[in-house]
Amino acid sequence: MDVPSSWDALRKQARKLEAQLDEQMNSYRKVVSTKGMAKTDTSENDFESGIDRLLKQLQQVNSQMQAWVSSGGSEMVSHTLTRHQEILQDLTQEFYRLCSSLRAKKEHASLLEDFREFDCSRLDLEDSVGSAEQALLKEHASISRSTGQMDTVISQAQATLGALVLQHLSFGGINSKLSNVSSRLPTVNSILSAIKRKKSMETIILSLVASVCTFLIFIYWLSK
């Protein structure tokens with residue numbers, strides 16, 4: 001049985017579509033193999049829509065060829081149709097496999113990007129916490145230095161007060177001895193009186209100095 005001329009036209013069209021699909025699939029494989037970002041670019045959409053359109057056209061041509069075979073084609077025509085159907089099936093499966101692989105890569109890249117953003121946020125939080133801790137440590141060190149300085153001033157004031165008390169006791173002993181001497185030596189009573197007046201003035205001066213020191217310590221403590 002002779003093969004009709006329309007069958008030849010359908011077969012040529014099928015071969016042309018298969019060649020175009022092979023070219024598009026090769027380019028699409030390169031895109032999938034080099035894809036490493038989560039975002040979708042224009043080339044991916046163009047390839048996918050173009051391949052899908054060609055597959056539908058090839059499916060339509062195979063359906064027309066199937067109609068010719070059903071109308072009484074020879075065994076050779078039936079074998080040719082089977083071969084074209086196998087090619088269409090292989091191309092369709094390969095296309096779906098590449099699409100799935102591309103989606104998996106996008107999801108993986110998206111997860112990595114989310115993890116990087118989370119890691120950056122965690123580092124920023126740790127830096128802010130670390131800065132707060134450093135500020136607290138600096139404040140604590142400043143308070144400790146201020147407390148140490150205040151303790152030093154208080155110790156110096158206490159030492160000065162102790163020296164003044166000791167000096168006051170020494171003057172008290174001298175006063176007692178001078179009183180005994182004055183009772184025995186009336187001739188030096190006037191001299192002793194002058195010494196007592198001088199001692200009283202020194203006592204007043206020492207008391208004023210101690211009061212001023214205490215007041216300055218209190219003002220320094222309030223300023224901290």
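Within helix α2 (residues 42–70) of this predicted model, Lys-56 and Asp-52 are four residues apart, about one turn of the helix, and their side chains form a salt bridge in which the closest N and O atoms are 3.4 Å apart. Lys-56 counts as exposed at 55% relative accessibility, whereas Asp-52, at 28%, counts as partly exposed. The count of salt bridges in the structure comes to four.

Another of these contacts spans two helices: Arg-29 forms a salt bridge with Glu-94, with 3.1 Å between the closest N and O atoms. Because Arg-29 lies in helix α1 and Glu-94 in helix α3, this pair ties together parts that are 65 residues apart in sequence. Arg-29 is partly exposed, its relative accessible area being 31%. Glu-94 also meets the side chain of Arg-97 in a salt bridge, at an N to O distance of 2.7 Å; here both residues belong to helix α3 and stand three residues apart, about one turn of the helix. Through these shared partners, Arg-29, Glu-94 and Arg-97 are joined into one network, of which Arg-97 is a partly exposed member at 46% relative accessibility.

A search of the whole structure for aromatic pairs finds three. In one of them, Tyr-28 and Phe-95 are tilted with respect to each other, at 6.0 Å centre to centre and with 45 degrees between the planes. This pair links distant parts of the chain, since Tyr-28 is in helix α1 (residues 5–34) and Phe-95 in helix α3 (residues 75–184), 67 residues apart. Both Tyr-28 and Phe-95 are buried. The rings of Phe-95 and Tyr-96 have centres 5.9 Å apart and planes at 40 degrees, which falls between the limits of 30 and 60 degrees, so this pair is likewise tilted. Phe-95 itself has a relative accessible area of 5%, and ring pairs link Tyr-28, Phe-47, Phe-95 and Tyr-96 into a cluster.

His-84, found in helix α3, is buried, with a relative accessible area of 5%. When its neighbours within four places in sequence are left aside, His-84 is in contact with Arg-11, Ala-14, Arg-15, Glu-18, Asn-62 and Met-65.

Taken as a whole, the protein comprises four helices and zero strands, and it follows the pattern α-α-α-α when read along the sequence. Of its 224 residues, 20% are buried. Among the contacts with a separation of 6 or more, 79% are accounted for by residues 24 or more positions apart. The exposed area is about 15900 Å², of which carbon and sulfur atoms supply 59%.

Methods: Residues numbered from 1 in each chain as written. Predicted model: local features only at pLDDT ≥ 70, side-chain atom pairs only at ≥ 80, totals over all residues. Heavy atoms only, no water. Phe/Tyr/Trp six-rings, centres within 6.5 Å; stacked < 30°, edge-to-face > 60°. Helix = DSSP H or I, 4+ residues; strand = E, 2+ residues; numbered from the N terminus. Buried < 20%, exposed > 50% of the residue type's maximum accessible area, 1.4 Å probe, protein only. Contact = heavy atoms within 4.5 Å. Areas by Shrake-Rupley, 256 points an atom, 1.4 Å probe, with all protein chains shown as cover.
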